[in-house]
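Colleague: I would like to learn how to read a model like this one, feature by feature. Where do we begin?

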Amino acid sequence: MSLDILFNQFMSGIARGALLFLVASGLSLTFGVLRVLNFAHGSLYMLGGFLCYTIWGHLLLPLFGFYIATILSALIMAASGLVIELFVLRRLYHRGWPEQLLATYALILIITDLVKWRWGGEFLSVPRPKPFTGAVFLFDFPFPAYNLFVIGLGVALAVFLWWLVYRTHLGDIIRAAAHDREMVAALGIPIPWLFTWIFVLGAFIAGLSGAVAAPFGAVALGMDIEIIVECFAVVVIGGMGSLPGTLLGSFIVGQVYSFGIMYKPELALAFIFMVMAVVLIIRPWGIFGRPER
Amino acid sequence: MGNASDTKEEKVLRRALILIIAVGIGLVMPHVLSPFYLMILSEALIMSIFALSFNLLFGYMGQLSFGQAAFYGLGGYAVAMLITKAHFNFWLSLLAGVLVAAIAGLIVGYFCVRLRGIYFAILTLAFGQLLFVIVYKWHDFTGGDDGIQGVFPPGILTSPKVYYYLIFLAFLGTTYLLWRIVNSPFGYVLKAMRDNPERTEFLGINISRYQLFAFVISAALSGLAGALWAPFYRSVAPFYLMWVKSGEPVMATILGGANTFLGPVVGTFVMTFVHAYVLGFTYFWPVIMGCFILLVIFFLPGGILGFALEKFSTSGRENSGYGRGRQGSSGDKKSD
């Protein structure tokens, strides 16, 4: 096996990891602050993809159509996130996590059906947007330029979230609330609104990543379940609610998938679950996570 | 918790009466219902076994397994493969289905019982998906995404009416077995672990071993449900192991009431019959189901049966289990 094939697998693993990071970071952020594992995060991602397809089709702008569609999809998903938080999750914070999990599970059923009703069961595709249509050569090896765009976006989101969580006043509140919610509330910070805006941000990221994923593969029913299960693996490996953990988890899962496909395509997913099971057994709270009290 | 006027004899008598009526209704059903609704009833009974086995872990042990469908599916696959490929005896195949699920439960459970709360849920989900992927991709052995067709029960059991009686018997047996289990010393240890794991451990009880034992029983009974389903439906498919299937007993149990013994059965019956009814006029039943679940979670916090018992019964709740009464007392307070 030659070195350039390994390099190619490595790079496609990085690209996949970047997409996983886009989705998983929203999931992890929501869980870190709200302590709600949002099963429906993948559904918001899927809806973002479908919206991007439809808006892009209506815009007919060859140059910026995709980018405008992406931002609009993300904004629409943020608005849906607002509705979901206000009308569903807000009623359930004082209840046990099984009910919260089941409520987001119910949202999956509803969103999947709405997508089926509006878009049907076909595979839809969005062409790669303008400057990223071709291939670039890295060390004389062709590599899809769009993958570089996804990687760049992943890095940008990581930097943005790092800045938000560790360098702003809001970030101080986010970290404090993740640590001790009652204390933060006692200091006069309106926790319900913090939760709302964090959930909206998570939904925005989900919509954005779904739109970005549209030219990456196909937009279709089932892309939600496919991604959410891998995202669970990412946040469990890295540590739920931890930003560096999500980054590392995305990298690991992307690489395991990419090299797993090369070794035995039908078992690529199984390898991911094996890694996840091993991490859960050795360090149940993940590599960067903190054990919960 | 009995009412003051409610003596023990009255309670036993009332239970016996309800049981006799229920069994009587169950026995005459094949002669009353149309073939379609008899099929739905059979399905509801099988799924009730599945949900009851899930609730041994959830309602009584306090751990949510999101990979229960893997055991259901393995039970079904074991029966389907033994009957179609090895032409094995039907009854021995059923037994083998239960056994395969129990062994899988032993292996998966060995890892899962080390974890609590949401981590337990995710690890069971991961193992379930792992088993699903293996069945789905191992085309030569399991038939992959084609599944297995032509799983016929022998002789007289091909009649849906006769097969219904087999299912009904299995349902009664499972219910009785689980009733005995949750009211045995072992069942009380499970509830103690749910309500206060630290104190239970201080009493010298090996939590992991007890949880593993409960996990294996639950897996075996889920396997029984799958094993009964395969010859009833004449086929198996990989999605029986998938997490979507694992969600069904979770939904049914929380819908019916996790802190009542028969809550999972009530939830399953409501779900199965609503499904059958809604499919009569629209394909979009998940959206209706989803809204229905949200409404029950919002307005009936203890589930349908839990709510009904609290409102109308003098005997109250069977066990003060998972739900409102539990918060603050258990190990997963952190999730509040």
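**Reading the two chains**

Modeller: Begin with secondary structure: chain B has 14 helices and 2 strands. This is a predicted model, and its scores are ipTM 0.86 and pTM 0.85.

Colleague: How many helices and strands does chain A have?

Modeller: Chain A comes to 11 helices and 2 strands. Along the sequence its pattern reads α-α-α-α-β-β-α-α-α-α-α-α-α. The radius of gyration of chain A is 19 Å, close to the 19 Å from the globule rule for 293 residues, so chain A is as compact as a globular protein of that length.

Colleague: What radius of gyration does chain B have, and what would a compact globule have?

Modeller: For 336 residues a compact globule would come near 20 Å, and chain B has 20 Å, which agrees. Along the principal axes, the C-alpha atoms of chain B fill a box of roughly 55 × 45 × 40 Å. For chain A the box is roughly 60 × 45 × 35 Å.

Colleague: What share of the residues in each chain is buried?

Modeller: In chain A, buried residues make up 51% of the 293 residues. In chain B they make up 49% of the 336 residues. As for contacts between residues at least 6 apart in sequence, 76% of those in chain A join residues at least 24 apart; in chain B the share is 77%.

**Confidence**

Colleague: What average pLDDT does each chain have?

Modeller: pLDDT is the predictor's confidence in each residue, from 0 to 100. Chain A averages 89, with 99% of the residues at 70 or above. Chain B averages 86, with 91% of the residues scoring at least 70.

Colleague: Where in chain B does pLDDT stay under 50?

Modeller: Over residues 316–336 of chain B; the model has 53 contacts beyond four places in sequence for that stretch. Among the elements of chain A, the lowest mean pLDDT, 80, belongs to strand β1 (residues 135–138), and the highest, 95, to helix α3 (residues 65–87).

**The contact and the core**

Colleague: How many residues does each chain give to the contact?

Modeller: Chain A gives 34 residues and chain B gives 34 residues. On the side of chain A that touches chain B, the elements giving two or more residues are α4 (97–119), α9 (223–238) and α11 (268–282) of chain A. Of these, α4(A) gives the most, with 14 residues. By type, that side of chain A divides into 25 nonpolar, 2 polar and 7 charged residues.

Colleague: How should I read a nonpolar core?

Modeller: In soluble globular proteins, nonpolar side chains tend to be buried together. Here the largest nonpolar core has 199 residues, and those with the most contacts inside it are A:Val23, A:Leu102, A:Cys231, A:Ala233, A:Val236 and A:Met276. Helix α5 (residues 117–137) of chain B supplies the largest share of this core, 15 residues. Leaving aside residues up to four places away in sequence, A:Ala233 touches A:Val253, A:Ile272, A:Phe273 and A:Met276.

**Helices and backbone angles**

Colleague: What does the length of a helix tell me?

Modeller: Compare the expected span with the distance between the end C-alpha atoms. Helix α11 (residues 243–256) of chain B has 14 residues, which at 1.5 Å a residue should span 20 Å; the ends are 20 Å apart, which agrees. As 13 of its 14 residues are buried, α11(B) is largely enclosed by the rest of the structure. B:Gly257 follows α11(B) and has a positive phi, near 125°.

For helix α3 (residues 68–84) of chain B, the 17 residues should span 24 Å and the end C-alpha atoms are 25 Å apart, which agrees. α3(B) is mostly covered, with 16 of its 17 residues buried.

Colleague: Which residues have a positive phi although they are not glycine?

Modeller: Most residues other than glycine have a negative phi, and most peptide bonds are trans. B:His87 has a positive phi of about 50°, and B:Arg234 one of about 70°. B:His87 is placed in the loop between α3 and α4 (90–112) of chain B. B:Arg234 is found in the loop between α10 (207–233) and β2 (235–236) of chain B.

Colleague: Why does B:His87 count as exposed?

Modeller: Because B:His87 has 8 other C-beta atoms within 10 Å, and 12 or fewer counts as exposed. B:Arg234 has 14 such atoms within 10 Å and is partly exposed.

Key: Residues are numbered from 1 along each chain as its sequence is written. Chains are lettered from A and ligands numbered from 1 in the order in which they are written. Two residues are in contact if their C-beta atoms, placed from the backbone, lie within 7 Å. Helices (H or I, at least four residues) and strands (E, at least two) are DSSP runs, numbered from the N terminus. Ala, Val, Leu, Ile, Met, Phe, Trp, Tyr, Cys and Pro count as nonpolar, Asp, Glu, Lys and Arg as charged, and the others, Gly among them, as polar. A nonpolar core is a set of buried Ala, Val, Leu, Ile, Met, Phe, Trp, Tyr and Cys residues joined through C-beta atoms within 7 Å. A residue is buried if 20 or more other C-beta atoms lie within 10 Å of its own, exposed if 12 or fewer, and partly exposed in between; C-beta atoms are placed from the backbone. The expected span of a helix is 1.5 Å times one less than its number of residues. The radius of gyration is taken over C-alpha atoms; the globule rule is 2.2 Å times the number of residues to the power 0.38.
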